[in-house]
Amino acid sequence: SQANFEEDSQKQPAVGHWKPLMPSKGSREEPETGCQDAGGVDETQSTEQLNVSRLRSSSVEIREKGSEFLKEELHKAQKELKLKDKECERLSKVREQLEQELEELTASLFEEAHKMVREANTKQAASEKQLREARGKIDMLQAEVTALKTLVITSTPSSPNRELHPQLQSPSKTVFRKGHGRNKSTSSAVVSAASPNVTPEPVSHECKEVDSILFAEFQAWKESPTLDKSCSFLDRIYREDVGPCLDFTKQELSELVRVAVEQNTLTIEPVASQTLPVVKVSAEERGGPKKCALSGLPRTCKHRIMLGDSGNYYYISPSCRARITAVCNFFTYIRYIQQGLVRQDVELMYWEVMRLRREMSLAKLGFYPSEM
């Protein structure tokens, strides 16, 4: 700005002294000199004022240019700031979206992992259950095959082996062998159910009519036979037959008997009067030859039961034995159906189930064969 000011001052024309064209009369040199001095002072003052005004104008111009420059810079900075704000907002949205996707992915992975673990546990439990059932079936089939071989070899319908069938002997001639024979809960039904192709003999002088509801439930169960009592077929039989038939006075022991029958671990064997077994439970709980452990009543007990491999024997009366045997016969037959050993018409199997249900009902009411 100072250089501009000096350049402008140099370009200004020089101011000369006024010289009148015609000197007035009586004019002297002194007044002229005075005028010249006054003119020089005025010229100096005007030059200074001009310089000051130029300085002021140049400073104003500089201020305006500086203000414009600053405004432009501020505008640029604001634009850049807005762009940076938009970029930050966009990056923030991207980060939130990535975090949300990461959370969803993590949650889905955990859910999938838990699902796989649950499925693996379920499959493992099902496999273990199938393995246990298969082993139980193998043991049961081996025992039944052994029993059938023994029956075929040593007993025929025309001349049955009375030692293998003590119920065929008269009470006065019953002879107990040393080391009492043990019959599993399925042995009482082995003759009738082990021959799948033999049609059960219909009851003579009796009319029969299929109940549509019961037959429909049996058909539905026959499509996929199971021992799960939650199905409608077995649920009805549990409520109407199995439950009442195994409902004895001693509730706790009755429940143990029911579980043993369901698991096919109940053993029934005849009692020898001259041999008293060594047991682990008190005489009050196991009963005795003259007292039934299930009913608690004084009865002549010709048989005793053992639950699983506990080694504890309980004396039972003929009536209680008939009720337990009727339930065991029913479970044996439906196990044969489940294993595919019974190859009969559906209606014939239905009537056999109804016959077994009738046996349970009669046993519950106190009817049982005299040989028991």
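In this predicted model, the count of disulfides comes to zero. Cys292 illustrates the point, for the nearest cysteine sulfur, that of Cys320, is 3.5 Å away, and Cys292 takes part in no disulfide. Because a disulfide requires a pair of cysteine sulfur atoms within 2.5 Å, the separation of 3.5 Å between the sulfurs of Cys292 and Cys320 leaves Cys292 unpaired. Cys292 is, moreover, a buried residue, with a relative accessible area of 1%.

Turning to the chain as a whole, the protein has nine helices and four strands, and these elements follow one another along the sequence in the pattern α-α-β-α-α-α-α-β-α-β-β-α-α. Of its 372 residues, 26% count as buried. When contacts between residues at least 6 apart in sequence are considered, 71% of them join residues at least 24 apart.

Two helix pairs, which have helix H9 as a shared member, can be followed in more detail. Helix H8, residues 318-338, packs against H9 at an angle of about 165°, and the two axes lie 8 Å apart. Since angles over 145 degrees count as roughly antiparallel, H8 is placed in that class relative to H9. The crossing of H8 and H9 is left-handed. On the H8 side the contact is made by Ala322, Arg323, Ala326, Val327, Asn329, Phe330, Tyr333 and Ile337, while H9 contributes Met349, Glu352, Val353, Leu356, Glu359, Met360, Ala363 and Lys364. Sorted by class, the residues in this contact of H8 with H9 comprise 11 nonpolar, one polar and four charged.

The other pair joins H9, residues 346-364, to helix H4, residues 212-223, with an angle of about 115° between them and their axes 11 Å apart. H4 and H9 are therefore roughly perpendicular to each other, and their crossing is right-handed. From H4, the residues Leu214, Phe215, Phe218, Gln219 and Lys222 meet Val346, Glu347, Met349, Tyr350, Val353, Met354 and Arg357 of H9. By class, eight nonpolar, one polar and three charged residues make up the contact of H4 with H9. Met349 and Val353 of H9 appear in the contact with H4, and these two residues are also listed in the contact with H8.

From H4 the picture can be extended to helix H5. Glu217 lies in H4 and, with a relative accessible area of 15%, is buried, because the cut-off for that class is under 20%. Apart from its neighbours within four places in sequence, Glu217 is in contact with Ser232, Phe233 and Arg236. Of these partners, Phe233 belongs to helix H5, which spans residues 232-245, and at 4% relative accessibility Phe233 likewise counts as buried.

Seen from Phe233, with neighbours within four places in sequence again left aside, the contacts are to Glu217, Phe218, Trp221 and Val353. Among these, Phe218 is one of the H4 residues that meet H9, and Val353 is one of the H9 residues on the other side of that contact, while Val353 also takes part in the contact of H9 with H8. Phe233 of H5 thus touches residues from both members of the H4 and H9 pair. A further distance helps to place Phe233 with respect to Lys222, another H4 residue in the contact with H9: the C-alpha atoms of Phe233 and Lys222, which stand 11 residues apart along the chain, are separated by 9.5 Å.

Notes: Residues are numbered from 1 along each chain as its sequence is written. This is a predicted model: local features need pLDDT of at least 70, side-chain atom pairs count only at pLDDT 80 or more; totals for chains, interfaces and linings use all residues. Side-chain values use heavy atoms; hydrogens and water are left out. Buried means under 20% relative accessible area, exposed over 50%, partly exposed in between (1.4 Å probe, protein chains only). Axes are lines fitted to C-alpha atoms, for helices over the stretch in contact, and angles run from 0 to 180 degrees between N-to-C directions. Angles under 35 degrees count as roughly parallel, over 145 as roughly antiparallel, 65 to 115 as roughly perpendicular and the rest as oblique. A crossing is left-handed if the near helix is turned anticlockwise from the far one by less than a right angle, and right-handed if clockwise. Contact means heavy atoms within 4.5 Å. Ala, Val, Leu, Ile, Met, Phe, Trp, Tyr, Cys and Pro count as nonpolar, Asp, Glu, Lys and Arg as charged, and the others, Gly among them, as polar.
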